[in-house]
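Biologist: I have a protein model open and would like to learn how to read it. Could you walk me through it step by step?

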Amino acid sequence: MAELSGKVVAMTGAASGIGRATAKELVASGALVVAGDLNEAGLADVATEVAELPGKLTVVKCDVTHEDDVKALIARAVSEHGRLDGLVNVAGIGGFAHTHQTSIEHWNRFISINLTGTFATTLHALPHLIETKGAVVNIASQAAMKAHPYAAAYCASKGGVLMMTKALALEYAAKGVRFNAVCPGGIKTPILKDFAPLPDGDMSLLMRISPPMQRFGRPHEVGKLVAYLLSADASYITGESIIIDGGSAL
C-alpha cells in the first residue's frame with residue numbers, strides 16, 4: 001500500500017467506479033481526501049465505507065463544468081487542512097455513437113467534462129501544489145493512445161487530457177510538481193453501460209480493443225496505481241502515460 005499519511009488530496013468523480021475505488025484507496029493509505037462529485041448519494045455512501053480507515057474523507061458536491069464548484073473544491077481542501085499535496089482528476093463521461101449522427105452539443109459535452117473540467121481543477125490547484133511540490137494524476141484512457149470506433153469525441157477529449165498532462169509535466173518539473181496520466185482500458189464500472197456495442201456497429205472494430213487477459217479490470221487496481229503515483233515512491237516519475245488495460249493496447 002502506498003504511504004500517504006497526512007497528505008492532502010483533492011479529487012473529482014469520487015462517487016462511483018474508478019473514482020470511488022481511488023478515494024477508498026487514498027483514505028486507506030492515510031490521506032486526507034476532499035472529494036467532489038455531482039452524485040451526492042454516491043458520495044455519502046463512500047464516506048460511510050471509509051469511516052473506519054486511517055485517513056479522512058470530506059465530500060463536496062462539485063460539477064466540473066462549473067468553475068465556481070471547482071474553485072470551491074480546492075478551497076475546501078486548503079481551508080480544512082492548510083495545504084494541498086495532490087490532485088486526482090477522475091470525473092468524466094464516455095460512450096459510443098455514430099459520429100455522423102451526433103451533434104456539436106454531444107462533442108462539447110465530452111470536451112467540457114473530460115478535458116476542460118480536468119484543466120479547471122488543475123488550474124486552481126496549481127498555486128497550492130507549487131508550494132508543496134505536489135503531484136497530479138489524471139485519468140485519461142486507453143482511448144487517448146489507441147483509436148476506438150464510434151468514440152471520436154471521447155478519444156479527442158482523453159487524448160487532450162494526455163497531452164495536457166505531458167505539457168504540464170514539462171512546464172512544472174523544475175518547480176517540483178509531477179503530472180502523470182493513468183490510461184485504463186475496460187474497467188468494470190457503471191460507465192461500461194455507456195460503451196455497449198451499437199446495434200448496427202461493426203463488432204470487428206470493437207474486437208481491436210478487447211483485452212488478451214479476457215477480463216475487465218477492477219476499479220481498485222486503478223486506485224492502487226493512482227495512490228502509488230501520488231506517493232513519494234513515485235518521486236522520479238512525471239509526464240508518463242501508464243496503461244492499465246489487460247494488454248488491449250498491444
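Biologist: Let's start with helix 1. How many of the 12 residues of helix 1 are buried?

Modeller: Happy to help, and remember that this is a predicted model. A residue counts as buried when its relative accessible area is under 20%. In helix 1, 10 of the 12 residues pass that test, so the helix is largely enclosed by the rest of the structure. Among them are Gly-17, Ile-18, Gly-19, Ala-21 and Thr-22. Further along, Glu-25, Leu-26, Val-27 and Ala-28 are buried too.

Biologist: What span should helix 1 have, and how far apart are its end C-alpha atoms?

Modeller: Here we can use a rise of 1.5 Å a residue. For the 12 residues of helix 1, residues 17-28, that predicts a span of 16 Å. The end C-alpha atoms are 17 Å apart, which agrees.

Biologist: Which residue just after helix 1 takes a positive phi?

Modeller: That is Gly-30, with a phi of about 95°. Gly-30 also appears in another part of the story, as Ser-5 touches both Ser-29 and Gly-30.

Biologist: Where does Ser-5 sit?

Modeller: Look in the segment before strand 1, which covers 8-12. The side chain of Ser-5 has a polar contact of 2.4 Å with the side chain of Glu-3. Ser-5 also shows how sequence and space can be read side by side. Ser-5 and Gly-55 are 50 residues apart in sequence, while their C-alpha atoms are 7.1 Å apart in space.

Biologist: Let me step back to the whole protein. How many helices and strands does the protein have?

Modeller: There are 7 helices and 7 strands. To see their order, read along the sequence: β-α-β-α-β-α-β-α-β-α-β-α-α-β.

Biologist: What does the radius of gyration tell us about these 250 residues?

Modeller: The idea is to compare the model with a rule for a compact globule. With 250 residues, that rule gives a value near 18 Å, and the protein has 17 Å, which agrees. You can add the extent of the C-alpha trace, about 55 × 35 × 35 Å along its principal axes. Buried residues make up 52% of the 250 residues.

Biologist: What share of the contacts between residues at least 6 apart in sequence join residues at least 24 apart?

Modeller: The share is 76%. As for the outside, the accessible surface is about 11400 Å², with 57% of it belonging to carbon and sulfur atoms.

Biologist: Now the inside. How many residues does the largest nonpolar core have?

Modeller: It has 45 residues, and those with the most contacts inside it are Leu-84, Leu-87, Phe-96, Leu-129 and Phe-179. The elements giving two or more residues to this core are strand 1, helix 3, helix 4, helix 5 and strand 6. Helix 5 supplies the largest share, 9 residues. Phe-96 is a good residue to click on: its contacts include Pro-149, Tyr-150, Phe-195 and Leu-206. There is also a second, separate core of 31 residues, which includes Val-9, Val-137, Ile-139 and Val-222.

Biologist: Is Thr-165, a residue of helix 5, buried or exposed?

Modeller: Thr-165 has a relative accessible area of 1%, so it is buried. A polar atom of its side chain lies 2.7 Å from the backbone oxygen of Val-161. Beyond its sequence neighbours, Thr-165 is in contact with Asn-138, Phe-179, Asn-180 and Ala-181.

Biologist: Which residues does Glu-240 contact, leaving aside neighbours within four places in sequence?

Modeller: Glu-240 contacts Phe-179, Asn-180 and Ala-181. This residue is in the loop between helix 7 and strand 7. With a relative accessible area of 40%, Glu-240 is partly exposed. For a distance across the model, try Glu-240 and Val-8: they are 232 residues apart along the chain, and their C-alpha atoms are separated by 22 Å.

Biologist: One last residue. Where is Ser-141?

Modeller: Ser-141 is in the loop between strand 5 and helix 5. At 4% relative accessibility, Ser-141 counts as buried. Its side chain makes a polar contact of 3.3 Å with the side chain of Tyr-154. Ser-141 also touches Lys-158, Val-182, Cys-183 and Pro-184.

Methods: Residues numbered from 1 in each chain as written. Predicted model: local features only at pLDDT ≥ 70, side-chain atom pairs only at ≥ 80, totals over all residues. Heavy atoms only, no water. Helix = DSSP H or I, 4+ residues; strand = E, 2+ residues; numbered from the N terminus. Expected span 1.5 Å × (residues − 1). Buried < 20%, exposed > 50% of the residue type's maximum accessible area, 1.4 Å probe, protein only. Contact = heavy atoms within 4.5 Å. Polar contact = N/O pair within 3.5 Å; in protein donor to acceptor, adjacent residues only side chain to side chain. Rg over C-alpha atoms; globule rule 2.2 N^0.38 Å. Areas by Shrake-Rupley, 256 points an atom, 1.4 Å probe, with all protein chains shown as cover. Core = buried A, V, L, I, M, F, W, Y, C linked by side-chain atoms within 4.5 Å.
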